[in-house]
Amino acid sequence: MKTATRTIQLDARLNGPLGSANGGFASGMIAETLGGTASVRLIRRIPLERPLEVGMDADAGFATVTDFNHQLVAKVQRVDPFTMIPPVQPSFADAEVARASSPLQGARHLLSKCVVCGSERRDGLAVTPGPLENRSDVLAAPFVPVDRDTTDGVVHPGAVWGALDCPSYPAQALLDRRLGLLGTLTAHRNRDVLLGERLVAVGWTVQRHGRSTQTASALLDGRGDVVASARAVWVELRHQWLVRLVGRLA
């Protein structure tokens with residue numbers, strides 16, 4: 001058995017809910033320790049600006065992530081490459097219309113300042129998903145990477161995972177304004193994502209079991225090819241009235 005330990009840390013900019021990391025960015029950075037194509041199960045909130053220790057079993061393709069208090073915050077498993085094909089292929093213009101109509105636009109909520117979908121962020125990805133005009137069960141948003149999320153013209157893996165994260169949110173839950181948390185994100189990049197590409201992020205529901213919903217998402221290029229895709233599991237919170245109260249106070 002070949003084991004190794006690595007330390008990673010997420011910048012304060014990369015928040016989801018205030019005070020903790022965006023699940024997609026965190027999962028993408030964690031997945032890179034095992035080569036990039038992996039499944040990340042989030043167990044506790046991922047802290048920002050604090051060291052995370054990744055203990056890897058390279059032979060088994062498995063790793064655990066602990067925080068500065070030595071608490072387990074995530075588990076990651078290497079998986080085989082895969083591609084999720086969306087049920088529709090919205091154009092960039094379709095995605096812009098969907099983003100403009102998103103229930104997240106102009107509303108105060110717990111993710112108003114999320115680095116990926118927060119409509120109040122001016123230094124985020126601006127991937128605020130909304131329902132397509134002719135398919136309300138499918139979410140979409142444009143994604144045009146900028147300098148701050150790239151190195152030598154290539155988009156950071158964490159940003160790619162982030163762009164796959166928020167659009168994978170269950171469409172019906174978004175329309176009903178019900179809050180859920182990301183439980184697991186599994187992603188694969190078919191190729192590097194490049195600075196300035198005009199991509200479409202699209203997400204759809206695969207199956208629902210009680211409060212748990214399996215979803216998928218993909219990034220499409222101008223030809224409609226899948227650049228990267230993901231499978232996700234979201235878990236709806238039990239006490240939605242408390243979520244609404246906190247949102248009003250945020």
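1. In this predicted model, strands S2 and S5 pair in the antiparallel sense, with five bridges between them. Within this pairing, alanine 38 stands opposite arginine 78 in S5.

2. S5 also pairs with S4: the two run antiparallel and are joined by five bridges. Here valine 65 has alanine 74 in S5 as its bridge partner. S4 and S5 form a hairpin, with five residues between the two strands. In the turn sits histidine 70, whose phi is positive, at about 65 degrees.

3. These strands belong to an open sheet of 11 strands, with antiparallel pairing. The order across the sheet is S1-S3-S4-S5-S2-S10-S13-S12-S11-S7-S6. Which strands stand at the edges? They are S1 (3–8) and S6 (130–131). Each has a single partner strand, so one side of each is left without a neighbour in the sheet.

4. Helix H1 (residues 23–32) packs on this sheet. H1 touches S1, S2 (38–42), S4 (62–66), S5 (72–78) and S10. The direction of H1 makes about 130 degrees with that of S2.

5. Elsewhere in the sheet order, S10 (residues 180–189) pairs with S13 (residues 226–236). This pairing is antiparallel and extends over nine bridges. One of the residues involved is glycine 180, which has glutamate 236 in S13 as its bridge partner.

6. Helix H2 (residues 92–100) lies across S6, S7 (138–143) and S11 (199–209). H2 runs at about 105 degrees to S7.

7. H1 also meets another helix, H3 (residues 157–165). The axes of H1 and H3 come within 7 Å and cross at roughly 140 degrees. The two helices are therefore oblique to each other, since the angle does not exceed the 145 degrees beyond which a pair counts as roughly antiparallel. The crossing of H1 and H3 is right-handed.

8. Which residues make the contact between H1 and H3? From H1 they are Gly23, Gly24, Phe25, Ser27, Gly28, Met29, Ala31 and Glu32. From H3 they are Pro157, Gly158, Ala159, Trp161, Gly162 and Asp165. By type, the contact residues divide into six nonpolar, six polar and two charged.

9. How many aromatic pairs does the structure hold? There is one, formed by tyrosine 169 and tryptophan 234. The ring centres are 4.9 Å apart, and the planes stand at 70 degrees to each other. The pair is edge-to-face, because planes over 60 degrees apart count as such.

10. The aromatic pair links distant parts of the chain, its two residues being 65 residues apart. Tyrosine 169 is in the loop between H3 and helix H4 (171–175), whereas tryptophan 234 is in strand S13.

Notes: Residues are numbered from 1 along each chain as its sequence is written. This is a predicted model: local features need pLDDT of at least 70, side-chain atom pairs count only at pLDDT 80 or more; totals for chains, interfaces and linings use all residues. Side-chain values use heavy atoms; hydrogens and water are left out. Two strands pair if DSSP finds at least two bridges between them. Helices (H or I, at least four residues) and strands (E, at least two) are DSSP runs, numbered from the N terminus. Contact means heavy atoms within 4.5 Å. Axes are lines fitted to C-alpha atoms, for helices over the stretch in contact, and angles run from 0 to 180 degrees between N-to-C directions. Angles under 35 degrees count as roughly parallel, over 145 as roughly antiparallel, 65 to 115 as roughly perpendicular and the rest as oblique. A crossing is left-handed if the near helix is turned anticlockwise from the far one by less than a right angle, and right-handed if clockwise. Ala, Val, Leu, Ile, Met, Phe, Trp, Tyr, Cys and Pro count as nonpolar, Asp, Glu, Lys and Arg as charged, and the others, Gly among them, as polar. Rings of Phe, Tyr and Trp (its six-membered ring) pair if their centres lie within 6.5 Å; planes under 30 degrees apart count as stacked, over 60 as edge-to-face and the rest as tilted.
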